[in-house]
Amino acid sequence: MKCKVCNYSDTISDGISVLCLKCETRFNLNAKNIDYLYEGGQDIPTDKKTLQRLENSKNRIKIIKNYIDCENFVLVDIGSGSGEFLREGKKWFTETIGFDKNKTLIKYCESKDLKVYYGDFSREKINLNDNQNCFISISHVLEHIEDPINFLHKVILNMNKGDILWLEIPLWTGKSFFEKKYNWKLWYEEHYYLFSSKVFLEIENNFDLKKIADGTRIFDSMKFMRKLNILKIVFQNPIKSLKFIYLKDKKRKGIRFLDYIFEDFGFSIYIKQ
């Protein structure tokens, strides 16, 4: 089986997943093709879940602000779901626009006074001026798509020179998958893939993009935080903990201790050449 991300033919399988030996993408053999029109993906969140997603969005923007001046960009969130990133983005970007394929979630976003289009991203749909640059966010979308490289190709074709692309993906190389393996909550039938950070270099090499930065982060809900024993984590990861402590704030660039230790999600920021 060839890897659908890098087209490399050397792979190994354990009957549950197929691992590419080049880009280290892990393909889920039990993934199902989901029709996202009215099902799958994010649900309409409870108030508690909304607060967690807003907090996650705030932490994401703290990282982004280290690399770009948000006020110079229009935020385009592809796979905008229930819209928390758009809501937080309104505080920082000149304009916020979403794209999604779940009509129930689009109606929900519209009820929150958010602009969300149905279907694939297109600059023609949003009717921007030639001098307006987009910050295009694709967070936790690629794992839902059987051919993520073809999907990215279509997005990048619609980008202008100077547009910024943010990608965020779940990593099987992080601490949670290492400890829980296929029992990790992000290994399920809606996800075709879990990735490694090597995929970011593969993307840069295959498209007219220049990487500005990359790193790791987590979704840290309060429930998750309460379960953690920070001292225990430090003792389990002494060298890595010390490395983080000696990193100066400028080098951390919004990355927090648990982002650095767990590495459950990877992100990369590119500029269109």
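Two strands count as paired if DSSP finds at least two bridges between them. The model on screen is predicted, and this tour begins with one of its sheets.

**Stop 1: the four-stranded sheet**

Select strands S1, S2, S3 and S9. They form an open sheet in the order S1-S2-S3-S9, with antiparallel pairing. S1 and strand S9 (193-194) are the edge strands; each has a single partner strand, so one side of each is left without a neighbour in the sheet.

Now keep strand S2 (residues 17-20) and strand S3 (residues 26-28). Their antiparallel pairing is made over 3 bridges. Which residue stands opposite leucine 19 in S3? Show side chains there and find arginine 26.

**Stop 2: a surface patch**

Go next to tyrosine 8, in the segment before strand S1 (11-13). Its relative accessible area is 33%, which lies between the 20% limit for buried and the 50% limit for exposed, so tyrosine 8 counts as partly exposed. Add Ile12 and Leu21 to the selection: with Tyr8 they make a nonpolar surface patch of about 270 Å².

**Stop 3: strand S8**

Select residues 164-170, which are strand S8. Is this strand largely enclosed or left open by the rest of the structure? Of its 7 residues, 7 are buried, so the strand is largely enclosed. Show the side chains and look along the strand. Ile164, Trp166, Glu168 and Pro170 point one way, while Leu165, Leu167 and Ile169 point the other way; all are buried.

Add strand S7 (residues 133-139). S7 and S8 run parallel and are joined by 5 bridges. One place to look is serine 139, whose bridge partner in S8 is glutamate 168. To follow the chain between these strands, trace it from S7 through helix H5 (residues 148-157) to S8; this β-α-β crossover is right-handed.

Then add strand S11 (residues 265-272). S8 and S11 run antiparallel, with 7 bridges joining them. Here leucine 165 stands opposite tyrosine 270 in S11.

**Stop 4: methionine 159**

Finish in the loop between H5 and S8, where methionine 159 lies. Why does methionine 159 count as buried? Its relative accessibility is 4%, and buried means under 20%.

Select what surrounds this residue. Apart from neighbours within four places in sequence, methionine 159 is in contact with Ile136, Ile164, Leu165, Leu209 and Lys272. Take a distance to lysine 272 as the last step: the C-alpha atoms of methionine 159 and lysine 272 are separated by 7.1 Å, although the two residues are 113 residues apart along the chain.

Key. Residues numbered from 1 in each chain as written. Predicted model: local features only at pLDDT ≥ 70, side-chain atom pairs only at ≥ 80, totals over all residues. Heavy atoms only, no water. Buried < 20%, exposed > 50% of the residue type's maximum accessible area, 1.4 Å probe, protein only. Helix = DSSP H or I, 4+ residues; strand = E, 2+ residues; numbered from the N terminus. Right-handed = clockwise from strand over helix to strand, strands pointing away. Contact = heavy atoms within 4.5 Å. Patch = residues over 30% accessible without salt bridge, like charges linked within 9 Å, V, L, I, M, F, W, Y side chains within 5 Å. Areas by Shrake-Rupley, 256 points an atom, 1.4 Å probe, with all protein chains shown as cover. Salt bridge = Lys/Arg side-chain N within 4 Å of Asp/Glu carboxyl O.
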